[in-house]
Amino acid sequence: INRDDIDGTLYPKSAGQIALVIFDAVPGGAGSAIRIARSLDQVLAAALKRVSQCDCGEETSCYGCLRNYRNQPFHDQLCRGDALHFLVPIVG
């Protein structure tokens, strides 16, 4: 899936919970969000592999793990260690 074909946002729910909403960014939809949902275990395992095998420090991030052109305004906030702490309990 091309990174430009999907997008996402955080959605506040009740009791302080937050949901991640992933959607197709292609006009009319391309079915990518559905493909992600159907393979969510594989997607999360691939994400964990990416952030756990990166050579940058856990207190930062790089283009090999979390950074990309679209999230440039947030590069100083992206922390590979935070991604690891989030993904490890989910993926196991």
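Three helices and two strands make up the secondary structure of this chain, which is shown here as a predicted model. Follow the chain from its N terminus and you meet the elements in the order β-β-α-α-α. With that order in mind, let's look at the overall build, the charges and one patch on the surface.

**Overall build**
- Along the principal axes, the C-alpha atoms fill a box of roughly 40 × 35 × 25 Å.
- The chain has 92 residues, and 21% of them are buried.
- Take the contacts between residues at least 6 apart in sequence: 29% of these join residues at least 24 apart.

**Surface and charges**
- The accessible surface of the chain is about 6,700 Å².
- Carbon and sulfur atoms account for 55% of that surface.
- The chain carries 9 positive and 10 negative charges.
- If you take the mean position of each kind of charge, the two points lie 5 Å apart.

**A nonpolar patch**
- Leu10, Ile18, Leu20 and Ile22 together form a nonpolar surface patch of about 420 Å².
- Strand S2, which covers residues 18-24, gives this patch its largest share, namely three residues.
- One residue to find in the structure is Leu20, which sits in strand S2.
- Why does Leu20 count as exposed? Its relative accessible area is 59%, and exposed means over 50%, so Leu20 falls in that class.

Definitions and conventions. Residues are numbered from 1 along each chain as its sequence is written. This is a predicted model: local features need pLDDT of at least 70, side-chain atom pairs count only at pLDDT 80 or more; totals for chains, interfaces and linings use all residues. Side-chain values use heavy atoms; hydrogens and water are left out. Helices (H or I, at least four residues) and strands (E, at least two) are DSSP runs, numbered from the N terminus. Buried means under 20% relative accessible area, exposed over 50%, partly exposed in between (1.4 Å probe, protein chains only). Contact means heavy atoms within 4.5 Å. Accessible areas come from the Shrake-Rupley method with a 1.4 Å probe; for residues, only the protein chains shown count as cover. Lys and Arg count as positive and Asp and Glu as negative; His and the chain ends are not counted. The place of a charge is taken as NZ of Lys, CZ of Arg, CG of Asp or CD of Glu. Patches are made of residues with over 30% relative accessible area and no salt bridge: like charges are joined within 9 Å, nonpolar side chains (Val, Leu, Ile, Met, Phe, Trp, Tyr) within 5 Å. A salt bridge is a side-chain nitrogen of Lys or Arg within 4 Å of a carboxyl oxygen of Asp or Glu.
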